[in-house]
Amino acid sequence: MISNGHRRFKVALACVGLSLAWAVPLSANSASADSASDDAAIQARADALLKQMTPEEKAAQLTQYFYLQPIPAANKPALEALRTTGLGSLLFVTDPAEVNRLQRIAVEQSRLKIPLLFGFDVIHGLRTIFPVPIGMAASWDPALVEATQAVAAKEARAVGVHWTFAPNVDIARDPRWGRIVETAGEDPYLTSAMARAQVHGFQGPRLGAPGHVIAGPKHFAGYGASLGGRDWDEVELSDSDLWNVHLPPFQAAINAGAGAMMAAYMHLNGVPAAANRNLLTTILRDKLGFKGFIGSDSGSVNKLVTQNLTRDTQDAAARAIAAGLDIEMVDPGKLAAMSKLPAAMAAGQVPQARVDEAVGRILKAKLRMGLFERPYIDEKAVEKTLNDPAHRRLARIAAERSAVLLRNENGVLPFDKRRIKSLAVIGPMAASAKDTLGPWVFEQNGASAVTVLAGLQQKLGKKVRISYSEGVRMPARMFPSPSATADKVPERPPLDETTEIARAAALARDADAAVVVVGEAMNMISEGGSRSSFTLPGRQQELLDAVVATGKPVVVVIFSARPLHLGETRAQAILDAWYPGSEGGTAIANLLFGDAVPAGKLPFSWTRSPAHAPNYYAQLISHKPNPVNGRYWNETSAPTYPFGYGLSYSTFEYTNLRLQQPSVPKSALVVLNVDLKNLGDRTADEVPQLYIHQRFGTSARPARELKGFQRVTLKPGETRSLRFVLSPDDLRYWSSATNGWVNNASAFDVWVGGNSEATLHGIFELTG
Ligand code: NOJ
């Protein structure tokens with residue numbers, strides 16, 4: 001149940017040359033009639049091709065190689081085979097001329113002239129970079145999320161990419177886990193809304209729509225629940241966790257039409273996901289109804305040997321295919337396990353029909369994308385698409401709408417433009433383009449960023465004297481990140497941090513206010529970015545303390561994607577900007593000076609300490625119901641900020657929760673209204689959130705669960721009556737008592753408010 005600001009976004013979408021047409025479902029009849037005949041035609045073409053294929057050509061279609069320069073010697077023969085057997089897919093090629101060159105080989109030289117599918121990690125933009133996905137989730141604005149991923153798709157398709165390994169719809173309940181940055185956080189309902197929006201944005205109105213790409217939700221399934229938040233470690237999930245928490249976002253992505261899916265790396269309940277038949281076939285195909293193709297994560301078929309599942313790589317290829325996998329992503333420098341598939345077929349290790357089904361799915365994706373008719377891209381049009389100023393405008397709006405204001409004592413923000421004549425801008429992230437962009441941004445695509453320092457300079461011009469100190473350097477990781485480019489830092493002269501901290505404090509003392517930009521460097525999060533501490537890395541805390549000690553107003557801007565321990569910092573304001581992307585600095589300058597009003601809300605509980613993780617809000621009520629004090633004897637386990645939390649420059653009042661009917665049959669809709677008033681003197685957005693609690697039933701249910709939200713704009717003094725509707729689908733859950741879905745007749749609490757600790761309360765009954 002989401003009502004989103006479609007109307008407001010018409011303007012933004014018009015700016016980026018997108019229409020809302022794609023967000024509006026086509027009339028059911030015509031759509032299904034068309035797609036049925038399309039489906040039949042595509043199936044017939046795929047079948048005709050399949051009949052002509054040798055086992056080697058089939059295995060090649062089930063293979064996806066990295067294409068990174070210089071090409072590792074071990075990969076050269078396989079890439080040469082593009083000329084003969086063809087190849088399913090390549091990833092990481094985004095140079096338009098190279099895309100066309102390689103495609104020409106596939107289409108003009110290989111025996112069956114089957115085009116290549118180009119895949120890439122388009123996570124939060126290609127040239128124009130939007131805030132990282134956790135930031136986009138913090139906007140609580142699916143229409144915006146859809147618009148940003150539509151732009152990402154447009155840029156990606158322009159350079160020749162057909163398939164993105166996104167969205168990441170893993171549930172991240174343990175913020176030690178680095179990949180939280182790519183997710184929508186801890187909540188299945190919010191993550192499902194973001195999953196749907198991203199799939200629609202990437203794919204457009206239908207799979208194969210021009211200017212769009214195939215969405216590949218990942219990582220199926222449960223990757224976010226790794227032991228200790230350690231990346232890649234095993235996952236043990238009960239069916240109840242799987243069905244109630246981890247699978248709903250995948251179901252949402254599938255219902256939105258996702259054309260691909262990526263199987264996870266790790267063991268789920270002892271079986272690596274890439275060869276987990278229960279996961280890939282029984283659950284994904286039979287129960288969730290997925291119709292697209294399933295790809296592996298990088299190298300994970302070969303690694304079935306490492307993970308102690310299979311005897312050798314031939315066995316690995318056979319078991320992955322038998323389990324339901326369709327295409328293997330091969331680690332750079334390795335030979336595809338699928339190269340052994342012909343031998344496995346000859347030895348009867350894998351059913352022929354299953355191989356043909358997999359090949360058929362890859363061919364159908366290529367046919368759907370129109371690659372047989374239009375294999376090449378227009379190289380001359382690329383730069384114009386990538387440099388569209390409307391894309392940058394949307395990036396600015398996205399960064400403004402994703403920022404979360406965590407603290408604002410004495411209304412220090414927004415800064416008063418008349419009073420601030422000098423500003424000290426401090427911190428290792430303040431002028432770092434790389435950290436403004438965040439992870440999953442690749443040099444080869446030429447992204448650039450307006451840093452916080454540059455954004456403030458551009459906004460304030462000569463009217464305000466701006467001084468700058470880097471303060472301290474980001475320390476190196478103890479263990480390098482898996483991506484060498486992430487750790488690559490430009491050569492710079494060494495910094496005497498003790499002297500620089502003193503200089504930064506002097507600059508603050510000499511200014512009307514200080515903006516301190518601290519956090520975790522972009523290579524300290526994401527894949528291989530798990531961390532067992534929430535402190536500010538290096539000497540950033542010392543820097544912050546020295547600046548705060550000046551007694552000047554201090555605003556902390558955080559770049560991070562997990563809760564950070566800001567100690568006892570006395571800074572008056574804290575704005576979490578995530579990794580805000582290409583226009584991050586422009587957006588932050590607008591937010592600090594009140595030309596944009598923060599309204600983002602946390603998509604995770606700001607866990608006080610990594611020792612508490614996981615500590616999400618939707619927990620069961622125990623026999624000792626006091627949820628936060630006394631769970632540990634040494635400190636409270638309450639999060640520093642609750643899920644859904646975020647301040648505004650305005651304040652809001654929630655009143656008058658009224659249920660249309662206090663008691664309804666469990667097959668009917670529950671309808672309620674709430675009045676929301678903007679008490680402040682400026683127009684501002686608020687995100688009303690609806691939480692429920694089922695009091696008794698087949699299983700015990702969490703203390704609170706998000707079941708609705710809206711992002712609304714209210715004028716000063718305006719009151720709006722908001723309507724929420726709960727359907728039986730919103731109220732069902734999977735019970736381990738019956739091993740199935742249940743809708744109980746029960747009593748329910750309902751709360752509506754600005755975060756997960758909302759107090760405005762009502763009660764309704766569902767009758768049998
Ligand atoms: C490994 C990551 O787990 C996956 O998410 C990504 O898409 C691939 N590498 C390709 O970069």
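**Exercise 1. Find which residue stands opposite Glu-653 in β20, and describe how β20 is placed among its partner strands.**

Solution. Begin with the pair itself: Glu-653 stands opposite Lys-677 of β20, where strands are DSSP runs of E with at least two residues and helices are runs of H or I with at least four residues, both numbered from the N terminus. This is a predicted model, in which local features need pLDDT of at least 70 and side-chain atom pairs count only at pLDDT 80 or more, while totals for chains, interfaces and linings use all residues. Residues are numbered from 1 along each chain as its sequence is written, and side-chain values use heavy atoms, with hydrogens and water left out.

Next, widen the view to the strands: β18 and β20 run antiparallel and are joined by 6 bridges, and two strands are said to pair if DSSP finds at least two bridges between them. β20 also pairs in the antiparallel sense with strand β25 (residues 719–726), over 8 bridges, and there Asn-673 stands opposite Arg-723.

Finally, consider the surroundings of the strand. Because 8 of the 9 residues of β20 (residues 670–678) are buried, the strand is largely enclosed by the rest of the structure; buried means under 20% relative accessible area, exposed means over 50%, and partly exposed lies in between, with a 1.4 Å probe and protein chains only.

**Exercise 2. Work out the order of the strands in the open sheet of 6 strands, and say which of them stand at the edges.**

Solution. Reading across the sheet, the order is β6-β5-β4-β3-β2-β11, with parallel pairing. The edges are held by β6 (214–215) and β11 (328–330), and each has a single partner strand, so one side of each is left without a neighbour in the sheet. Within the sheet, strand β4 (residues 117–120) pairs with strand β5 (residues 163–164) in the parallel sense over 2 bridges, and the bridge partner of Phe-120 in β5 is Thr-164.

**Exercise 3. Identify the residues closest to the ligand, and state how much of the ligand the protein buries.**

Solution. Start with the neighbours, a residue being near a molecule if one of its heavy atoms lies within 4 Å of it: 13 residues surround the ligand, and the closest are Asp-121, Arg-179, Lys-218, His-219 and Asp-297. Then look at single polar contacts, which are pairs of N or O atoms within 3.5 Å; within protein, one atom must be able to donate a hydrogen and the other to accept it, and residues adjacent in sequence count only if both atoms are side-chain atoms. An N or O atom in the side chain of Asp-121 is 2.5 Å from an oxygen atom of the ligand. For His-219, a polar side-chain atom lies 2.7 Å from a ligand oxygen, and for Lys-218 the corresponding value is 2.8 Å. As the last step, the ligand taken alone exposes 290 Å², of which the protein buries 96%; accessible areas come from the Shrake-Rupley method with a 1.4 Å probe, and for residues only the protein chains shown count as cover.

**Exercise 4. Decide whether Lys-601 is buried or exposed, and find what its side chain reaches.**

Solution. First locate the residue: Lys-601 lies in the loop between α23 (584–592) and β18 (652–659). With a relative accessible area of 3%, Lys-601 is buried. Leaving out residues up to four places away in sequence, its contacts (heavy atoms within 4.5 Å) include Trp-140, Tyr-645, Glu-686 and Gly-754. The side chain of Lys-601 reaches the backbone oxygen of Gly-754 at 2.9 Å. Lys-601 and Pro-642 are 41 residues apart along the chain, and their C-alpha atoms are separated by 9.6 Å.

**Exercise 5. List the buried residues of helix α13 (residues 313–323), and describe what covers them and what lies at the two ends of the helix.**

Solution. The buried residues are Asp-315, Ala-316, Ala-317, Ala-318, Ala-320, Ile-321 and Ala-323. Their cover includes α11, α12 (303–306), α14 (341–346) and α15. At the start of α13, a side-chain oxygen of Asp-312 reaches to within 3.3 Å of the backbone nitrogen of Gln-314, and after the helix comes Gly-324, whose phi is positive, near 125°.
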